[in-house]
Amino acid sequence: MDHESRSPLKTRTIVAQGFGAVEPVTRGLVSPIYMSTTYLRDADNGYSNGRIYGGSDNPSVQQAGALLAALEGAEDALMFGSGMAAANAVLQALDRPMHILASQGIYYGLRVWLEDVAKRTGHAVTFVDTSNLDLVRGAMRPGETGLVWIETPSNPLWSITDIAAVADIAHAAGALLCVDSTVSTPIFTRPLALGADLVVHSATKYLNGHSDVVAGGLATAERNEMWERIGRARAQIGAILGPFDAWLLMRGMRTLHVRVAAQARTAAKLASRLVGHPALSAVLYPGLRSHPGHDIALRQMVGGFGGMLSIRVKGGESAAVAVAAQVELWKRATSLGGVESLIEHRASIEGAGTPCPSDLLRLSVGLEDVDDLFMDLVQALGVTTGSFGRL
Ligand code: PLP
């Protein structure tokens, strides 16, 4: 359902009003939470209202899916119990064991799962630096590669992959392209318009935006056989979202535009102010001209470069952990995309074997004042240069 093409209104308007829906009993502007239930069968043994069972047919969950479809300009979208559940459904829906090509830098949990489960179920997986198109071309196995999985900007170096170029390469080899667009959000990038077949979100992050829901979303360019299988996989593996979480997610998505625009503005200011800090060896943010993916990001991220950045601390792992220990305003916690800013030593949470540099701190920028966030970081960075203390 392409809402923009059917309506003269912008997606932003449609999403802010939640399709302008009015609750029929009270004429309330906010939809009630439709509890999980089972639905009454007609006397003629049919289900004339199209709903059979809470697992797949819950109106609150469907409303959240419709908003995600509007945001992504998708033909359809489905909500899941988590981002990982949405990813799992894609793999479950592949019709045979095949070769999967994935970005080297992807969310670590997904990388471990791809290596573990996918290989045990007969898939072959190759990880490549998908920001390098020659490497992508070289790693494709025409006739064997069935799925290309990219994340852009990708955790935690925020490498940028050219979605349109990789879509062409994937399609030429007969493979589907699935883009994890959790970090970019549909506000900055619309992967389906750039040629991707599927978009996956950890809706836990920006789509919900308030760190109080775990959810996943998948959006599709086409309602095809693969999409049918994904829908069945969701029911078969029970990867459903509860109605209360779906309702919170709806509320979050209605303010997505303003939240992520503000987060991206603050992240960009922090990145440029942190460049050259004596305690840092690198600031990684796609909005910086020095970032290797900046030119492609300029093309495929419209209106901002997202709210995620990373810093690499001189003095290695112990210095990075010491900096994280000293912040007062930033919260030391995993996850991203909420209204409060988070700082995380990624190597610690990823554990042995992580490709994440041990001197790296990942920053998820929230909605606080940019000067407050900057000062808190600068006082914490002072621990490595001996100038520790509140400024
Ligand atoms: N994709 C990205 C980019 C993520 O950061 C995460 C979680 O951190 C996931 C997917 C998995 O999402 P969830 O935690 O909702 O299962």
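Here a trainee and a mentor talk through a predicted model and ask what earns each feature its label.

Trainee: Let's start with the sheets. What makes strand 9 and strand 12 a pair?

Mentor: The cut-off is at least two bridges between two strands. Strand 9 (residues 308-313) and strand 12 (residues 360-364) share five bridges, in the antiparallel sense. Five bridges meet that cut-off, so they count as a pair. If you want a spot to look at, R312 has L360 in strand 12 as its bridge partner.

Trainee: And which order do the strands of that sheet follow?

Mentor: The order is 8-9-12-11-10, five strands in an open sheet with mixed pairing.

Trainee: Why are strand 8 and strand 10 said to stand at the edges?

Mentor: Strand 8 (280-284) and strand 10 (331-332) each have a single partner strand, so one side of each has no neighbour in the sheet.

Trainee: What lies across strand 8 and strand 9?

Mentor: That's helix 12 (residues 256-274), running at about 20° to strand 9.

Trainee: Now the other sheet. How many strands does it have, and in which order?

Mentor: Seven, in the order 1-7-6-5-4-2-3, again an open sheet with mixed pairing. Strand 1 (76-80) and strand 3 (124-128) are its edge strands, each pairing on one side only. On average, neighbouring strands here are turned by 20° against each other, direction ignored.

Trainee: How do you know that strand 6 and strand 7 pair?

Mentor: Same test: at least two bridges are needed. Five bridges join strand 6 to strand 7 (residues 216-220), so the pair passes, and the two run antiparallel. Within it, S202 stands opposite G216.

Trainee: Which helices lie across strands of this sheet?

Mentor: Helix 6 is one of them: it lies across strand 2 (99-103), strand 3, strand 4 and strand 5 (176-180), at about 155° to strand 3. Helix 10 (residues 225-236) is another, lying across strand 1, strand 5, strand 6 and strand 7, at about 20° to strand 1.

Trainee: What makes R111 count as sitting over the ring of F127?

Mentor: For an Arg, CZ has to be within 6 Å of the ring centre and within 35 degrees of the ring normal. The charged end of R111 is 4.4 Å from the centre of the F127 ring, so the distance fits, and R111 is listed as sitting over that ring. R273 is handled likewise: its charged end sits over the ring of F374, 5.3 Å from the centre.

Trainee: How many aromatic pairs are there?

Mentor: Zero, by the rule that ring centres must lie within 6.5 Å.

Trainee: What about the largest pocket: what is its volume, and what lines it?

Mentor: Its volume is about 440 Å³. The lining has 27 residues, with M84, Y107, G109, S202 and K205 nearest the centre. Elements giving two or more residues to the lining include helix 5 (83-93), strand 4 (145-151) and helix 15 (346-350).

Trainee: Where do P153, P156 and W158 lie?

Mentor: P153 is in the loop between strand 4 and helix 8 (163-172). P156 has its place in that loop too, and so does W158.

Trainee: What is noted about the backbone there?

Mentor: A cis peptide bond joins T152 and P153, with omega at about -10°. The bond from N155 to P156 is cis as well, with omega near -15°. W158 has a positive phi of about 60°, although it is not a glycine.

How values were computed
Residues numbered from 1 in each chain as written. Predicted model: local features only at pLDDT ≥ 70, side-chain atom pairs only at ≥ 80, totals over all residues. Heavy atoms only, no water. Helix = DSSP H or I, 4+ residues; strand = E, 2+ residues; numbered from the N terminus. Contact = heavy atoms within 4.5 Å. Axes fitted to C-alpha atoms, helices over the stretch in contact; angles between N-to-C directions. Phe/Tyr/Trp six-rings, centres within 6.5 Å; stacked < 30°, edge-to-face > 60°. 1 Å grid on protein atoms, 1.4 Å probe; cavity = no way out; pocket = protein on both sides within 12 Å on 5 of 7 lines; lining within 4 Å. Points joined across faces, edges and corners; volume = space filled by probe spheres on them.
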